[in-house]
Amino acid sequence: MATNCRSTLGRRRVARSPMADFDRLPPAARRWLAAAVLPWSARSVARVWHKALHESGGDENAALAYLDRVEQARLARETARIWGPLHPVFAGRAGA
């Protein structure tokens, strides 16, 4: 019996190696990821890194600062979602 060649049901994604993704990152992005607070994937860091480099005109320091800002924003969002506005990190903020 012939199989339906147009069906996507049998297709699988190509398995990617997280370590290979990490190894493809530029050295500065690898160092940042190794010290990151949140459990980022190398693919996510690569996506944000390339966007930051593009917006900064290739300035690695600006890209690293952008990664820091993105991580801090995600931390604040997760802190508010998990612990609520009474968490000490929000103490003294208006509207929190």
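**Entry 1: the tryptophans.** I looked up tryptophan 40 and found a relative accessibility of 12%, so I entered tryptophan 40 as buried. The model is a predicted one. I then turned to tryptophan 32, which at 9% relative accessibility also counts as buried. A search for aromatic pairs across the structure returned one. The pair consists of tryptophan 32 and tryptophan 40, and I recorded it as edge-to-face because the planes of the rings stand at 80 degrees, with the centres 5.4 Å apart. For the reasoning I needed the cut-off: planes over 60 degrees apart count as edge-to-face.

**Entry 2: the chain as a whole.** I listed the secondary structure of the protein chain and obtained four helices and zero strands. Along the sequence, I noted the pattern α-α-α-α. I next asked what share of the 96 residues counts as buried. The figure is 24%. For the exposed surface of the protein chain I noted about 7600 Å², of which carbon and sulfur atoms supply 56%. I also examined contacts in the protein chain with a separation of 6 or more: residues 24 or more positions apart account for 27% of them.

**Entry 3: salt bridges.** How many salt bridges does a search of the whole structure find? I counted two. As a general remark, side chains of opposite charge can pair when their charged atoms come close.

I took the bridge in helix H1 to begin with. The side chains of arginine 24 and aspartate 21 meet there at 2.4 Å, N to O. Helix H1 covers residues 18-24, and the two partners lie three residues apart in it, so about one helical turn separates them. Is arginine 24 buried or exposed? I found arginine 24 exposed, with a relative accessible area of 54%. Its partner aspartate 21 counts as buried, because its relative accessibility is 9%.

I then went to helix H4, which runs over residues 60-83. Here arginine 81 forms a salt bridge with glutamate 78, and I noted 2.7 Å between the closest N and O atoms. The residues of this bridge are three residues apart in the helix, which means a separation of about one helical turn. I classed arginine 81 as exposed because its relative accessible area is 59%. For glutamate 78 I found a relative accessibility of 29%, so glutamate 78 counts as partly exposed.

**Entry 4: alanine 28.** I placed alanine 28 in helix H2, residues 27-34. Its relative accessibility is 5%, and I therefore recorded alanine 28 as buried. Which residues does alanine 28 contact, once its neighbours within four places in sequence are left aside? I found Trp49, Glu60 and Leu64. For alanine 28 and tryptophan 49 I also noted the C-alpha to C-alpha distance, which is 9.8 Å, with the two residues 21 apart in sequence.

**Entry 5: serine 44.** I located serine 44 in helix H3, which spans residues 42-56. I looked next for a polar partner of its side chain and found the side chain of serine 41, in a polar contact at 2.9 Å. Why is serine 44 entered as buried? Its relative accessibility is 19%, and the cut-off for buried is under 20%, so serine 44 falls within that class.

Terms used:
Residues are numbered from 1 along each chain as its sequence is written. This is a predicted model: local features need pLDDT of at least 70, side-chain atom pairs count only at pLDDT 80 or more; totals for chains, interfaces and linings use all residues. Side-chain values use heavy atoms; hydrogens and water are left out. Helices (H or I, at least four residues) and strands (E, at least two) are DSSP runs, numbered from the N terminus. Buried means under 20% relative accessible area, exposed over 50%, partly exposed in between (1.4 Å probe, protein chains only). Contact means heavy atoms within 4.5 Å. A salt bridge is a side-chain nitrogen of Lys or Arg within 4 Å of a carboxyl oxygen of Asp or Glu. A polar contact is a pair of N or O atoms within 3.5 Å; within protein, one must be able to donate a hydrogen and the other to accept it, and residues adjacent in sequence count only if both atoms are side-chain atoms. Accessible areas come from the Shrake-Rupley method with a 1.4 Å probe; for residues, only the protein chains shown count as cover. Rings of Phe, Tyr and Trp (its six-membered ring) pair if their centres lie within 6.5 Å; planes under 30 degrees apart count as stacked, over 60 as edge-to-face and the rest as tilted.
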